[in-house]
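Let's take a walk through this model together, starting with one of its pockets and then stepping back to the whole chain.

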Amino acid sequence: MADWERAFKELLAVRGASLRAYAYLLTGESAAAADLVQDALLRVFSRLRVRGDVEQLEGYVRRAMLNQYVDGRRRAQLWNARRHLLVDPVAHHDEDQALADEVRQALSTLSPKQRACVVLRYYEDLSVLEIADQLDCAEGTVKRHLADARTRLATQLAIPEETMR
């Protein structure tokens, strides 16, 4: 078995579920999350001379996922603006499912950078400095994205902004 195959299998066995959860939070859709993980794995393992441990490989894959998500959202904005004309929203009667749908809908209104900042801050529990490093931008930019996202989410979800900090 080649080194890359061993590393690939170990990464998926140890961190596969975490990678899928991360992708789901970024995309908000299970099919898109699965595609994002697969594309990132393909990108990392096709270009990388595998000599890292699982943590290092996971970092490469997460970075590839984040970059692909942000780039893909930029290209897909036109489609998202017109998608509602073609697809009827699914109605749920379960209160928890309705709340989850409402949160997903609110997250979908954020810009790609805002959503990435929210996921990195509140799901990955990264500091502002770490997020700025991940997104290759200034700390002030991350703070602005988080503040704008909190304001928009608070408005859309009818939550006092003070409770979202």
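A pocket here is an open set of points on a 1 Å grid over the protein atoms alone, where a 1.4 Å probe fits, with protein on both sides within 12 Å along at least five of seven lines. Grid points are joined across faces, edges and corners, and a volume is the space filled by probe spheres set on the points. By that reckoning, the second largest pocket has a volume of about 240 Å³.

This is a predicted model, where local features need pLDDT of at least 70 and side-chain atom pairs count only at pLDDT 80 or more, while totals for chains, interfaces and linings use all residues. Residues are numbered from 1 along each chain as its sequence is written, and side-chain values use heavy atoms, leaving out hydrogens and water.

Which residues lie nearest the centre of the second largest pocket? They are L25, V103, L107, V118 and V119, out of 13 that line it; a lining residue has an atom within 4 Å of a point. Helix 1 (3–27), helix 4 (95–108), helix 5 (112–122) and helix 7 (139–157) each supply at least two lining residues, and helix 5 gives the most, with four. Helices are DSSP runs (H or I, at least four residues) and strands likewise (E, at least two), numbered from the N terminus. The lining has 10 nonpolar residues, one polar and two charged, counting Ala, Val, Leu, Ile, Met, Phe, Trp, Tyr, Cys and Pro as nonpolar, Asp, Glu, Lys and Arg as charged, and the others, Gly among them, as polar.

Stepping back, the protein chain has seven helices and zero strands. Of its 165 residues, 33% are buried (under 20% relative accessible area, with a 1.4 Å probe and protein chains only).

Conventions. Buried means under 20% relative accessible area, exposed over 50%, partly exposed in between (1.4 Å probe, protein chains only).
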